[in-house]
Amino acid sequence: MAAVKETVRTVEGLGEGYAHGFVTDIEQEFAPVGLTADTVRYISAKKNEPEWMLEWRLAAFERWLAMDEPDWAKLNFPKIDYQAARYYAAPKTDGPKSLDEVDPELLAMYEKLGIPVREQAVLAGVEGAPKYAVDAVFDSVSVVTTFKAELAKEGVIFCPISEALRDHPELVRKYLGTVVPVTDNYFACLNSAVFSDGSFVYVPPGVRCPMELSTYFRINASETGQFERTLIVCDKGAYVSYLEGCTAPMRDVNQLHAAVVELVLMDDAEIKYSTVQNWYPGDKDGKGGIYNFVTKRADCRGDRSKVSWTQVETGSAITWKYPSCVLRGDGSSGEFYSIAITNNFQQADTGTKMIHLGANTKSRIISKGISAGHSSNTYRGLVSAHAKALGARNFTQCDSLLIGKDCAAHTVPYIEAKNAQSTFEHEATTTRLSDDQLFYVMQRGLSQEEAVQLLVNGFVKDVLQQLPMEFAVEAQKLVAVSLEGSVG
Amino acid sequence: MLSIENLHVTVAEKAIIRGLSLNLPAGEVHAIMGPNGAGKSTLSYTLAGRDGYEVTEGSAVLDGVDLLSLNASERAAEGIFLSFQYPLEIPGVPALTFVRAALNAQRKSKGEPEISAPDFLKRAREVAGSLKMDFEMLRRGLNVGFSGGEKKRMEIFQMAMLQPRLAILDETDSGLDIDALRIVAEGVNALRAADRAMLVITHYQRLLDYIRPDRVHVLAGGKIVASGGPELALELEREGYDRYSKAAA
Ligand SMILES: Nc1ncnc2c1ncn2[C@@H]1O[C@H](COP(=O)(O)OP(=O)(O)OP(=O)(O)O)[C@@H](O)[C@H]1O
Ligand SMILES: [Mg+2]
C-alpha cells in the first residue's frame, strides 16, 4: 500500500497547486451587501434593462423568497447566508466598446490565464489552427467579446446576454426561462432574480457556426456571488460548438456561483456544449472554495435535433450540477460525457437527466468520477421514457476510480419507463487505483506521479475524446494538475 | 553484472526468500526452475523493487549499483526489465502510448532527449513485425481483453523496445502456443548481447531448447539449492523436484 499512501499524501497537498488563485487589483463598483427587491432593481438598472425584464426578475425574487434550499443531494455544507453576499460587482469602466478601452490590468489577467481576448493575436497564431471567439465575463459583467463582426456576417449573434436584452429583446424574451422555468428549483429561481451576465447565442436556420464559441467566467471580487445566465438558440439545421471555462482566486471564505444555462434546438439542429470547470476548490483542509450550484438544460424541441454536454469538473468546493436533455422532438438525441474529479474535501453531486418524450429518441451517458483525499463524488442520473417515447433507447456507463482509502464514490441512477418499447442499458464499475497497476507502470520507468497520470488519463479517455481538440489538451493537463504531486 | 548475496525477503510478515545468492555475469542467460511457491516470482518482484517486498538481509548489486536503495522506476532506469508472470491491464492507454511514455521516462532519467514520433513508430513496427504481432493491437488499451499468450507476447514487445540491461522473464512461456513460443524465444535470443544479462524463470525444459541457458539454478524453499549446466534442466524434467524440496526443507 505504500505507493498509494504516497499518492494520497501528495494528492492531499494539491490545494496549493491551484494555478489560477491570484487576485486582479482593479477598481470595482459593487451592489450593497444583501439581497432585497432593491438589489434586483439595482442590477436591472445597471444593465439598462427593459421594463419587462425587471418585472420578470422581481417576480422570480418573490417566488424565491417562498422556496427552500434543496437538501436531497449528497452534500454537506453549512447554511448559506444569502444576506451576507454581494450580488453585483463590475470593473469601474463605462462598458468598454473596443479593446483599447479595456483596463490593461484586465488584459494582463486574461493573458496570464491564457484566454485569447485579442482577435489579432488569435489571427496571428498558428497557421491552420481553428479560430475561436471569446466572451470574457469578469464578475458580473462581460468585458470583451471577440469576432462579433465576423460572426454577424453569417447571421450568428454572439454577445453578452445583457447586450442581447438591449439589442435583440424580442429573441431573448421569446426563449428566456422557457427551458428552465423561473421556479424550476431554488438556485435557478435565485439566478432568475439576480443574474448579471453570461452569453447569448443565436444561430439562424441552416447556418453552421464558422468557429468555436466560448465564454470565460472569472470571479475576482470577494464576498460576491456570480450568477451567470447563458441562452443558446440553434435554429433549424443549424450547428454550434460552445465551450465555457471558469476560474476564481483562492479565498478562504466560500463564494456562491449559481448559473443557469438554457439550450433550445429546433429541427435538425445540433449543439455541442463543453465545460471545463476549474473554480477554486478550497485548500487541502477544505477551507474556502466556490459553491457551484448550476442548472443546465437543453430542450430538443425539433425532430432529429442533437445535443451533447461534455463536462470536465475539477474545481469548486461543492458541485451541484445535472446538465439535462429534454428529448421532445421525434428522433432527437442527447449525450452526456462527464469527468468529475474531487480531491481533499471537495464534494460533487453531479450527473444528468435524460427525459425521453418523443418517439425513437436516443441518449447516451458516460460518466467518469475520480475521488481522492477525503472527497466525496456522487453520480446522480435520471433516465425516463414517457408514454409516447416509443423506441426510446439509453445507454449509461458510470465508472468510479478511487485513489486512497478516505474518499467515497456513489452512483445513484433512477430509471423510469412508462412504455414497454424502450431499451435502457446501464453499466457501472468502481475500481481503486491499484498498487499492482502502479508497480507495473513504474517498473517500465515512469515515476509514481507519471504513473498516476497515465492511469487516470486512461480512465477518462472516452470523455476527453469528446472535447474539441484544443481544449482536450488543456483538459488533460488540468486532470494531471488536479492529481499532481503524487511523489513525496 | 548482477550479484545477489544472502538475500532474505519477507512478504506480509512471511519469510519467503531465505539466504539466496546468485551471480549473473554480463552476456549470460541463466534459467531458474523450481516448484510452485518456491519464491521465484518473489525474487523477481524484489529485484524490480516492488513495495511490500521487504529485504531483511543481504544485497543485490547491478554493475556496482545498490539496487535495494532505488525505487521501481529508478531501477527501470538502471536497465531492469521484468516480464510479468501475470501482466496487468491498463484500460484506455494504448500499448504504443504506454511504451513511448516508458521509453521517454527512461531517456529523461539519463538526460537524453525524447524519441521523435517517426523514429518511435518505425522501431515499433520493426519490433512488432519480428514478433509477428498485429500492429493494430498496439493501438488498443494495453492488455485489455488480450489472451494470456497475447499478453506474454506484449511483454516481449516492451522488452525489445526498452532494450534493458537486465531482463527477468517470469514464466514468459506459460500460456504460449507452440508457434508463439518459438517466435517469442527468437525475440529473446535476438536480444542476447555481451552487455546484457537475462534471468529466465520457467517450469519447462522446452523453452530452454530454444533459449539455451548458460546456467540452470534450482530455487526451492527460498534459496538456490542446485546449479549446473543446461543438462540440469533435463534431469529435472525426468526426476522432478523431490530431491531438492527435501534438501530445502
Ligand atoms: N502477499 C503475500 N502474502 C502472503 N504470502 C505470499 C504473498 N506473496 C507471495 N506469498 C507466498 O510466497 C510464496 C512464494 O510465492 P511466489 O509467487 O514467489 O512463488 P513462485 O515460485 O513464483 O511460484 P509459481 O511457480 O507458482 O509461480 C508462496 O507460498 C506464496 O503463497
Ligand atoms: Mg511465480
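1. A quick definition before anything else: buried means under 20% relative accessible area, exposed means over 50%, and partly exposed is in between, using a 1.4 Å probe and protein chains only. This is a predicted model, where local features need pLDDT of at least 70, side-chain atom pairs count only at pLDDT 80 or more, and totals for chains, interfaces and linings use all residues. Residues are numbered from 1 along each chain as its sequence is written, chains are lettered from A and ligands numbered from 1 in the order in which they are written, and side-chain values use heavy atoms, with hydrogens and water left out.

2. Start with helix α8 of chain B, residues 231-239 (helices are DSSP runs of H or I, at least four residues, and strands are runs of E, at least two, numbered from the N terminus). Leu232(B), Ala233(B), Glu235(B) and Leu236(B) are buried there. They sit on the same side of α8(B) because they cover an arc of only 160° around the axis, the arc being that of the directions from the helix axis to the C-beta atoms. On the face turned away from that buried side you'll find the exposed Glu231(B) and Arg238(B). Right after α8(B) comes Gly240(B), with a positive phi near 75°.

3. Now the magnesium ion, ligand 2. Its protein donors are Ser41(B), through OG, and Gln85(B), through OE1, at 2.0 to 2.2 Å. Ser41(B) lies in α1 (40-48) and Gln85(B) in the loop between β6 (80-83) and β7 (90-94), so the pair ties together parts of chain B that are 44 residues apart in sequence. Donors here are N, O and S atoms within 2.8 Å of the metal (3.2 Å for Na, K and Ca); water is not among the atoms, so the site may look incomplete.

4. Are those two donors buried or exposed? Ser41(B) counts as buried at 18% relative accessibility, and so does Gln85(B) at 13%.

5. On to ligand 1. Of the 15 residues around it, Gly37(B), Lys40(B), Ser41(B), Thr42(B) and His203(B) come nearest; near means a heavy atom within 4 Å. β2 (14-24) and α1 of chain B each supply at least two residues of this shell, and α1(B) gives the most, with three.

6. For specific atoms, an oxygen atom of ligand 1 is 2.9 Å from a polar side-chain atom of His203(B). A polar backbone atom of Gly39(B) also lies 2.9 Å from a ligand 1 oxygen, while for a backbone N or O atom of Ala38(B) the distance is 3.2 Å. Taken alone, ligand 1 exposes 640 Å², and the protein buries 65% of that.

Methods. A polar contact is a pair of N or O atoms within 3.5 Å; within protein, one must be able to donate a hydrogen and the other to accept it, and residues adjacent in sequence count only if both atoms are side-chain atoms. Accessible areas come from the Shrake-Rupley method with a 1.4 Å probe; for residues, only the protein chains shown count as cover.
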